[in-house]
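Let's take a friendly walk through one protein model. Have the sequence and the 3D view ready, and follow along as we go.

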Amino acid sequence: MPLQTPPLRGIHAERGAKFTEFGGWDMPVEFDSIQTEHRAVREAAGVFDVSHMGQIHVTGPDAATLMQWLTTNDVSRLAVGDAQYAAITDEEGAIVDDTVVYRLPDEGGEPTYLFIPNAGTDEATHERWIGYRNDLDLEATVDNRTDEYAMFALQGPDAAALLADVAEGSPTDLGRFEATYATVDGVECWTARTGYTGEDGFELVVPWAEAETVWSRLECQPCGLGARDTLRIEAGLLLAGQEFDLESNPRNPYEAGIGFAVALDTEFVGRDALAAANEDGVEERLVGFRLIDRGVPRHGYDVTNTEDRVIGTVTSGTMSPTLEQPIGLGYVPVEYAEPGTTLRVVVRGQSKKARVETTPFIDTV
């Protein structure tokens with residue numbers, strides 16, 4: 001199948017972007033260099049085209065019930081303009097996806113939500129919501145609006161000042177995980193103080209046809225998926241398909257370190273399995289580590305104990321542009337998960353000394 005393209009694919013190509021396939025989309029991986037883009041976000045501001053992320057819209061009398069049943073956090077806590085991180089789990093409590101749920105203003109007096117599944121999962125997620133709605137005989141309208149909206153992420157310590165100069169509607173007054181409608185050059189954008197970099201910033205959901213208008217006003221370093229990856233690893237954030245994958249690496253939220261997004265006092269798919277996991281504990285946990293020896297950890301590399309017995313696998317790794325040191329994430333048995341524990345990572349056939357560290361690796365907002 002041909003790759004899907006973001007609305008600004010041509011604009012990015014004219015700017016000199018290099019592209020890569022990600023989640024079935026043809027997306028910019030870098031514009032100048034990963035180092036340059038990473039540094040811009042940590043020190044000033046950068047803007048990412050993340051239009052490959054899905055947008056699912058849910059409204060109706062039973063919208064809250066449906067959202068509660070299919071996400072692990074407590075949707076009832078959301079007032080209009082609130083955002084919430086959550087997992088989507090199967091009956092066994094394994095993570096199908098992770099997402100951010102937004103409570104939009106009511107439509108026709110009915111509760112309305114927007115949530116953001118990961119790239120390439122929007123169709124399957126839409127079908128999942130429709131299936132459960134029908135099985136539970138709920139009254140809710142579920143629309144896949146991924147092809148109707150672009151999405152931009154403005155990130156970095158200067159992001160608020162930059163947005164304040166171009167947006168109407170006071171979006172810079174938002175607290176973390178709050179959202180509102182704001183207008184940029186006449187274009188109404190759903191604007192949230194959220195992000196995937198560890199820095200302050202905003203994510204803007206923009207009508208597809210108006211994407212260029214808004215993008216052109218966000219005048220800072222354009223950034224690709226390469227810098228997005230190094231930034232999120234430094235922040236210790238999960239990537240679907242690496243830190244969890246229902247087929248190749250099924251993990252529950254407690255193993256993956258996102259137990260904070262599980263509200264066991266609610267009812268949802270996988271709740272009983274997760275209650276048992278929470279009570280019994282898990283055998284493995286996702287940890288951060290820093291290589292002490294020279295080398296760069298990569299996805300799929302073996303993690304061993306000091307006696308060279310394989311005990312885990314690297315899920316993500318990079319040479320940290322901020323720390324200028326090799327860092328990574330991976331699952332290990334809980335007895336090896338304490339910060340300060342010495343491990344070894346097999347890099348291109350050579351065993352490299354590593355140390356477990358608390359994540360995030362850098363100070364975050």
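## One helix and its surroundings

In this predicted model, helix α5 has these buried residues: A159, A160, L162, L163 and V166. Looking down the axis of α5, you would find them within an arc of 160°, so they line one face of the helix. A general rule helps here: an α-helix has 3.6 residues a turn, so residues three or four places apart point the same way.

What covers these buried residues? The elements that do so include the ones in this table.

| Element | Residues |
|---|---|
| β9 | residues 149-155 |
| β10 | residues 167-168 |
| β11 | residues 179-184 |
| β12 | residues 187-192 |
| β13 | residues 201-207 |
| α6 | residues 211-217 |

Now zoom in on A159, which lies in α5 (residues 159-166). Is A159 buried or exposed? Its relative accessible area is 0%, and because buried means under 20%, A159 counts as buried. Beyond its neighbours within four places in sequence, A159 is in contact with A44, A45, L154, D200, G201 and F202. A159 and A45 are 114 residues apart in sequence, yet their C-alpha atoms are 5.5 Å apart in space.

## A barrel elsewhere in the model

Next, find the closed barrel of 6 strands, which runs β15-β18-β17-β16-β19-β20 with antiparallel pairing. From one strand to the next, the twist averages 40°. Within this barrel, β16 (residues 302-304) pairs with β17 (residues 310-320) over 3 bridges, in the antiparallel sense. D302 stands opposite T313 in β17. Helix α7 (residues 225-234) packs on the sheet and touches β17 and β18, with its direction at about 120° to that of β17.

Conventions:
Residues numbered from 1 in each chain as written. Predicted model: local features only at pLDDT ≥ 70, side-chain atom pairs only at ≥ 80, totals over all residues. Heavy atoms only, no water. Helix = DSSP H or I, 4+ residues; strand = E, 2+ residues; numbered from the N terminus. Buried < 20%, exposed > 50% of the residue type's maximum accessible area, 1.4 Å probe, protein only. Contact = heavy atoms within 4.5 Å. Arc of directions from axis to C-beta. Pairing = 2+ DSSP bridges. Axes fitted to C-alpha atoms, helices over the stretch in contact; angles between N-to-C directions.
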